[in-house]
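Q: Could you walk me through this structure? I am new to it and would like to take it one topic at a time.

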Amino acid sequence: MQTVLFHETIFGPIHSRRLGTSLGVNLSPVDGKVCSFDCLYCEAGFNAQGPGSTGLPSRERVRELLEARLSAMKAAGEGLDVITFSGNGEPTLHPEFEGIIDDTIALRDRYFQNVKISVLSNATQLHRPEVVAALERVDNNILKLDSAVADTMRLLDRPNSPGFTVDKVVEQLESIGCGCIVQTMILRGEYDGNTVDNTTDAEVEALIAAYKRIKPREVMLYSIDRRTPARSLEKVDREELERIADRVRRESGVAVQVS
């Protein structure tokens, strides 16, 4: 079984193909996975590996570790573009997420005033006002929408909650609108006897309709970059991504970044 990717609470800096030089913040356990999705393509593996034994890092521990790393980088004259919340699961599940974001903003302002703060989220916690409030305070509020077709979303993202629906998440994303960036994984393949493909005309048309409703600041289209737990998935090449992006730009009027 593929295991978690990140074994530290603060990791990197690494080069992000979408965000630049990124210092990562992992609010999940360092030896397990905690997520409200169980995506077929997740680089941290399937949820079946379990949450591990270390538990979620406390707000105070995150603050201490982040300050130590930022202070050391500042003293060494190292460059940094962004502080990114990602890691071994969904960061907004952390019960102290809002406070951690406040601490991160304060530390950023102290050590690297021009650095952006980004959160990569699967958008499952937008029903919680404190999560939305925290996301509205970061520079890059990046929220997932892999498919606007209900059956494809459930097959590809495999949400834990049966009550999580495409219609509901699009409605919630629409309420945030230009305050968010929508991130969409484009791929095709097969899993457990089912075809997975969000590159078809019907899928792209549904995404365009959703983007038009949401009116995000930007759409990020990307494909597989690392090993996936579902091994029969296929990466969509840059040329095809660009064709899809051109169509999205033309028909929705939304800015699109391909990576």
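Q: Is Thr 152 buried or exposed?
A: This is a predicted model, and in it Thr 152 counts as buried because its relative accessibility is 13%, under the 20% cut-off for that class.

Q: Where does Thr 152 lie?
A: Thr 152 is part of helix H4.

Q: And what does Thr 152 touch, not counting residues up to four places away in sequence?
A: Thr 152 touches Ser 147, Asp 157, Asn 198 and Glu 203.

Q: How far apart in space are Thr 152 and Thr 195?
A: From C-alpha to C-alpha they are 9.2 Å apart, with their positions 43 residues apart in sequence counted as the separation.

Q: Let us turn to empty space. How many cavities of 30 Å³ or more does a search of the whole structure find?
A: The search finds one cavity of that size. The largest cavity has a volume of about 60 Å³.

Q: Which residues line the largest cavity?
A: The lining consists of Phe 37, Asn 122, Lys 144, Leu 145, Asp 146, Ser 147, Met 153, Asp 157, Phe 164, Val 166 and Val 169. By class, six of these are nonpolar, two are polar and three are charged.

Q: Which helices each supply at least two residues of that lining?
A: Helix H4 (150–157) and helix H5 (166–176) each do so.

Q: What about pockets? How much space lies in the second largest pocket?
A: The second largest pocket holds about 150 Å³ of space. Its lining is made up of 13 residues, and Thr 124, His 127, Ser 161, Gly 163 and Phe 164 are the ones that lie nearest its centre.

Q: How is the lining of the second largest pocket divided by class?
A: Nine of its residues are polar, three are nonpolar and one is charged. Phe 164, among the residues nearest the centre of this pocket, also lines the largest cavity.

Q: Now the core. Which residues touch the most other members of the largest nonpolar core?
A: Leu 70, Leu 145 and Tyr 211 do, in a core of 74 residues. Helix H6 (residues 201–214) gives the most to this core, contributing seven residues.

Q: Leu 145 has come up before. What is Leu 145 in contact with, leaving aside its neighbours within four places in sequence?
A: Leu 145 is in contact with Val 169, Val 170, Leu 173, Val 182, Gln 183, Thr 184, Leu 207, Ala 210, Tyr 211 and Ile 214. Apart from the largest nonpolar core lies another core of five residues, including Val 82, Ile 142, Ile 181 and Met 220.

Q: On to the strands. How many residues of strand S2 are buried?
A: Six of the seven residues in strand S2 (residues 20–26) are buried, so the strand is mostly covered by the 20% cut-off.

Q: Which strands pair with S2?
A: Strand S1 (residues 10–16) pairs with S2 in the antiparallel sense over five bridges, and His 15 stands opposite Thr 21 in S2. Strand S3 (residues 82–86) runs parallel to S2 and is joined to S2 by five bridges. Ile 83 in S3 is the bridge partner of Leu 23.

Q: What follows S2 in the chain, around Pro 29?
A: Pro 29 is in the loop between S2 and helix H1 (59–76). Because its relative accessibility is 2%, Pro 29 counts as buried. Leaving aside neighbours within four places in sequence, Pro 29 is in contact with Val 34, Pro 51, Thr 54, Gly 55, Leu 56 and Asn 88.

Q: Which strands form a hairpin with two residues between them?
A: S7 and S8 form that hairpin, and Asp 192 in the turn has a positive phi of about 55°. Strand S7 (residues 187–191) and strand S8 (residues 194–197) pair in the antiparallel sense over four bridges. Arg 188 stands opposite Asp 197 in S8.

Q: One last residue: why does Asn 194 count as partly exposed?
A: Asn 194, which lies in strand S8, is partly exposed because its relative accessible area is 37%, and that class lies between 20% and 50%. Leaving aside neighbours within four places in sequence, Asn 194 is in contact with Leu 155 and Gly 189.

Note on methods. Residues numbered from 1 in each chain as written. Predicted model: local features only at pLDDT ≥ 70, side-chain atom pairs only at ≥ 80, totals over all residues. Heavy atoms only, no water. Core = buried A, V, L, I, M, F, W, Y, C linked by side-chain atoms within 4.5 Å. Buried < 20%, exposed > 50% of the residue type's maximum accessible area, 1.4 Å probe, protein only. Contact = heavy atoms within 4.5 Å. 1 Å grid on protein atoms, 1.4 Å probe; cavity = no way out; pocket = protein on both sides within 12 Å on 5 of 7 lines; lining within 4 Å. Points joined across faces, edges and corners; volume = space filled by probe spheres on them. Nonpolar A, V, L, I, M, F, W, Y, C, P; charged D, E, K, R; others polar. Pairing = 2+ DSSP bridges.
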